[in-house]
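Colleague: Before I use any terms, I would like to see the sequence and the model. Then please explain the labels one at a time.

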Amino acid sequence: MKRRVVLLGPPGAGKGTQAARLATRLGVQHVSTGDLFRWHISQDTSWGKKAREYLERGLLVPDEITVAMVAEKLKEDGFVLDGFPRNLAQARALEDILASHGKELDAALLLEVPEETVVERLSGRRVCARCGRNYHLKFQPPAGERCSCGGEVYQREDDREEVVRRRLRVYREETAPLVGFYESRGKLWRVDGVGDPEEVSARIWAVLSLDPL
Ligand code: AP5
């Protein structure tokens, strides 16, 4: 069974939504670099202090911080990586980290979603301040004003339109080349990310040869 999986795709493609489901299904950890940075920022750690400005501006946090943070997590085997790698240097660093444990990546799944859909998803996204669960005002609204855990839901700073546009540009310039990188290693699978989250999950199960639910 594939237990070391990377999810690729533009901001708002549904990586976080699908990574959480897939990690549960595979019984492995869900490692989201975006969530890790937001946690470090909320705790005002030294990594958080360094990362804050980059997240607010929609730019990539320097590789030395990001790679060190991920390497810590990958001491435990089995993962769904969400938001990492995001450039070629990070992809090579991931190979090196896994090789140092005598392992290699099983699959990189590219969630394909057109840009207009991504902008609509991000502008409607709301996140729980307590447990981090993602909602969407139109597609997955919270049952009341609050999350099911009781936490308040809020709009992420970097979901403002001008920041979303910059994140999309960074994706095109720095992250999109990873498609060729994983294709050349025979590890890339493309998944149509349009449709409701259950439909997208079903396509992922099929690609990974998991039984339908
Ligand atoms: P990060 O948090 O990783 O942001 P992102 O990659 O831009 O991804 P998003 O979280 O915006 O979207 P997603 O694809 O996870 O979609 P989601 O499931 O939430 O990174 C934030 C920042 O951290 C970066 O800008 C950078 O500064 C820094 N950073 C992170 N990793 C880094 C790295 N490796 N190197 C350097 N810097 C790094 O879905 C979006 C919305 O759509 C939600 O509202 C959801 O409910 C809804 N939705 C999901 N699926 C569907 C569906 N099928 N139909 C309808 N709605 C859906």
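Modeller: A polar contact is a pair of N or O atoms within 3.5 Å; within protein, one must be able to donate a hydrogen and the other to accept it, and residues adjacent in sequence count only if both atoms are side-chain atoms. This is a predicted model, in which local features need pLDDT of at least 70 and side-chain atom pairs count only at pLDDT 80 or more, while totals for chains, interfaces and linings use all residues. Residues are numbered from 1 along each chain as its sequence is written, and side-chain values use heavy atoms, with hydrogens and water left out.

Colleague: What makes the pair of tyrosine 135 and the ligand a polar contact?

Modeller: A polar backbone atom of tyrosine 135 is 2.8 Å from an oxygen atom of the ligand, and the limit is 3.5 Å. Asparagine 134 has a polar side-chain atom 2.8 Å from a ligand oxygen.

Colleague: How much of the ligand does the protein bury?

Modeller: Taken alone, the ligand exposes 1000 Å², of which the protein buries 97%. These areas come from the Shrake-Rupley method with a 1.4 Å probe.

Colleague: Which residues count as surrounding the ligand?

Modeller: A residue counts if one of its heavy atoms lies within 4 Å of the ligand. There are 37 of them, and the closest are Thr17, Leu59, Arg125, Gln140 and Arg167. Helix H2 gives the most to this shell, with 4 residues; helices are DSSP runs of H or I with at least four residues, strands are runs of E with at least two, and both are numbered from the N terminus.

Colleague: Why is H2 called roughly perpendicular to H4?

Modeller: The axes of H2 (residues 33-42) and H4 (residues 63-73) cross at roughly 105° and come within 11 Å. Because angles of 65 to 115 degrees count as roughly perpendicular, H2 is roughly perpendicular to H4. Axes are lines fitted to C-alpha atoms, for helices over the stretch in contact, and angles run from 0 to 180 degrees between N-to-C directions.

Colleague: Which residues of H2 meet H4?

Modeller: Thr33, Leu36, Phe37 and His40 do, against Ile65, Thr66, Met69, Val70 and Lys73 in H4. Contact here means heavy atoms within 4.5 Å.

Colleague: What is the peptide bond from phenylalanine 84 to proline 85, cis or trans?

Modeller: It is cis, with omega near 0°.

Methods:
Parallel < 35°, antiparallel > 145°, perpendicular 65-115°, else oblique.
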